[in-house]
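Trainee: Please take a close look at one part of this chain. Then show me how the rest is laid out around that part.

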Amino acid sequence: MIDGYLAGIRAGIRGALVAAAAVGLAVLVGGPATAGEASEFHSSDVPKAIPDNDVNGVNSTLTVQGLGAVGDVDVILDDLMHGCTPDLHIELTSPGGTTVTLINSSLENGILAGLSCPANFIGTVLDDESPMGLRDGVPPYTGRFTLTHESVGVRPLSRFIGENGDGVWTLNVSDRNADDIGTLNGWGLALVPAPPPAFASADVPKDIPDYDSAGISSTLEVPVSGSIEDLDLVLDNVSHTCVADLHFELRSPAGTTVVLIRSANGEADGILEGKGCPDNFIGTVLSDQATVNLVDGIAPYTGPYNVEHTRIDPMPLSRFNGENVRGTWRLTVSDHGADDTGTLNAWSLRPRLAPSLPCDGDFDHSGAVTIDELIKAVGNALRGCP
Ligand SMILES: [Ca+2]
Ligand SMILES: [Ca+2]
Ligand SMILES: [Ca+2]
Ligand SMILES: [Ca+2]
């Protein structure tokens with residue numbers, strides 16, 4: 001199992017974090033599903049005729065640049081004309097050499113086996129997250145479909161997650177049954193980068209005492225050294241029946257304390273003043289660069305928000321920039337309004353580190369993976385090391 005994670009470490013990021021979590025290091029993989037936006041890349045070496053009844057099929061390639069680690073991949077069959085799509089077997093190979101069968105032919109009991117020759121894929125998006133299976137579609141299958149099926153397993157495209165997406169991707173389309181023929185006229189990939197690594201608190205949940213300005217503190221250990229270039233605070237889960245009651249401040253290992261959210265109830269100038277009593281922060285990413293202010297959010301405030309407001313510094317999280325991320329961070333949450341109560345269930349930090357420290361280099365892949373190796377791998381990932 002760990003060997004597989006090491007492949008992830010080599011690939012860059014996500015595997016290292018999974019491995020770290022597996023051995024008890026407080027590191028999270030990813031974060032809220034709202035992470036990044038998809039970028040589309042389309043083939044330019046088409047059209048390509050698909051030879052009839054030939055397992056070799058045809059290859060078409062496209063090149064991806066500027067993505068980094070893959071967080072999600074959808075395959076777009078823009079235009080695949082074929083008289084009998086159940087004849088087709090389709091595989092995708094990543095730049096790292098991972099080949100995944102997306103669709104098996106009817107002779108392989110694939111997802112369209114037994115159907116009486118539906119024709120063509122036009123604007124067909126193969127997406128693990130779609131609720132509709134391809135078999136339930138209507139030709140030419142325009143729309144989004146999942147490929148989960150006994151012939152290819154569950155969410156086959158998820159096998160690319162965590163790999164480096166930059167480089168040449170190859171789609172292989174073969175026709176495995178006689179007579180009907182067709183042509184691959186266009187395909188593409190919609191790729192979402194993996195969210196940056198995060199470090200999670202381990203001493204939660206903690207109940208937040210009602211109407212008590214002392215509040216509670218939760219700590220979080222970051223085991224990696226490096227100069228902070230940007231920091232996001234993620235309120236993964238704060239359940240509370242009136243988050244406008246709450247005051248949040250974050251203290252760095254160096255002792256810098258920054259108020260991020262002031263209470264709107266019982267404390268002056270809270271950002272949620274006049275918003276009533278919204279419930280919960282779920283997957284709320286406080287980021288200086290977010291384009292939407294928290295005041296314009298809707299409970300449970302999932303996604304990225306900036307928290308600029310009266311009596312809060314502009315770009316408040318940037319006050320930690322330049323500090324070493326390593327050490328104990330402390331989040332203090334207090335409730336300044338009577339009655340409504342709640343619990344700090346989970347929070348995390350997403351630092352981006354300056355590439356000033358040298359990369360730790362490759363390490364010995366033989367034997368058991370040590371905590372030190374994992375910490376090095378996570379540090380490398382945060383500094384953008386290969
Ligand atoms: Ca998807
Ligand atoms: Ca055929
Ligand atoms: Ca940020
Ligand atoms: Ca309260």
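Mentor: Start with a definition: helices and strands are DSSP runs, of at least four residues for a helix (H or I) and at least two for a strand (E), and they are numbered from the N terminus. With that in hand, find Pro140 in the loop between β8 (121-126) and β9 (143-145). Keep in mind that this is a predicted model.

Look at the bond just before Pro140. Pro139 and Pro140 are joined by a cis peptide bond. Its omega is about 10 degrees. Now move along the chain for another cis bond. Val204 and Pro205 are linked by a cis peptide, with omega near 5 degrees. Pro205 is in a loop too, between β12 (198-200) and β13 (206-208).

Go back to the stretch ahead of β8. Asn120 sits in the loop between β7 and β8. Asn120 is not a glycine, yet its phi is positive, near 70 degrees. Is Asn120 buried, exposed or partly exposed? Asn120 counts as partly exposed because 19 C-beta neighbours lie inside 10 Å, and 20 would be needed to call a residue buried.

Asp339 is another non-glycine residue with a positive phi, of about 90 degrees. Asp339 is in the loop between β20 (327-335) and β21 (342-353). Asp339 has 12 other C-beta atoms within 10 Å, so it is exposed. The limit for that label is 12 or fewer.

Next, the sheet that holds β7. It is an open sheet of four strands, in the order β4-β10-β6-β7, and the pairing is antiparallel. β4 (54-64) and β7 (99-103) are at the edges. Each has a single partner strand, so one side of each lacks a neighbour in the sheet. From one strand to the next, the twist averages 25 degrees.

Follow β6 through this sheet. Strand β6 (residues 88-93) runs antiparallel to strand β10 (residues 167-175), and six bridges join them. Ile90 has Val173 as its bridge partner in β10. Glu91 has Asn172 as its partner in β10. On the β7 side, Glu91 stands opposite Thr101. β6 and β7 pair antiparallel over four bridges. These two strands form a hairpin with five residues between them, and there Gly97 has a positive phi near 95 degrees.

Now find another four-stranded sheet. This open sheet has the order β14-β20-β16-β17, again with antiparallel pairing. β14 (212-222) and β17 are its edge strands, and each pairs on one side only. The twist averages 25 degrees from one strand to the next. Four bridges join β17 to strand β16 (residues 246-251), and the two run antiparallel. Phe248 stands opposite Ile261 in β17.

Step out of β17 into the next loop. Leu272 is there, between β17 (257-261) and β18 (281-286). Leu272 is buried because 24 other C-beta atoms lie within 10 Å. What does Leu272 touch, leaving out residues up to four places away in sequence? Its contacts are Val243, Ala244, Ala264 and Pro278. The C-alpha atoms of Leu272 and Asp245 are 8.8 Å apart, though 27 residues separate the two along the chain.

Now the cores. The largest nonpolar core has 48 residues, and Leu233 and Leu349 have the most contacts inside it. Beyond neighbours within four places in sequence, Leu349 is in contact with Ala198, Phe199, Leu220, Val222, Leu231, Leu233 and Trp329. Another core lies apart from it, with 35 residues, including Leu67, Val152, Trp187 and Ala194. In soluble globular proteins, nonpolar side chains tend to be buried together.

Turn to helix α3 (residues 371-382). It has 12 residues and reaches 17 Å from its first C-alpha to its last, close to the 16 Å expected. Of its 12 residues, 10 are buried. Among them are Leu374, Ile375, Val378 and Leu382.

Finish with the whole chain. It has three helices and 21 strands. Of its 386 residues, 41% are buried. Among contacts with a separation of 6 or more, 72% are between residues 24 or more positions apart. The mean pLDDT is 88, and 86% of the residues reach 70 or more. Over residues 1-24 the pLDDT is below 50, and this stretch has 55 contacts in the model beyond near neighbours in sequence. The pLDDT is also below 50 over residues 28-35, a stretch with 28 such contacts.

Notes
Residues numbered from 1 in each chain as written. Chains lettered and ligands numbered in written order. Predicted model: local features only at pLDDT ≥ 70, side-chain atom pairs only at ≥ 80, totals over all residues. Contact = placed C-beta atoms within 7 Å. Core = buried A, V, L, I, M, F, W, Y, C linked by C-beta atoms within 7 Å. Pairing = 2+ DSSP bridges. Axes fitted to C-alpha atoms, helices over the stretch in contact; angles between N-to-C directions. Expected span 1.5 Å × (residues − 1). pLDDT = per-residue confidence, 0-100.
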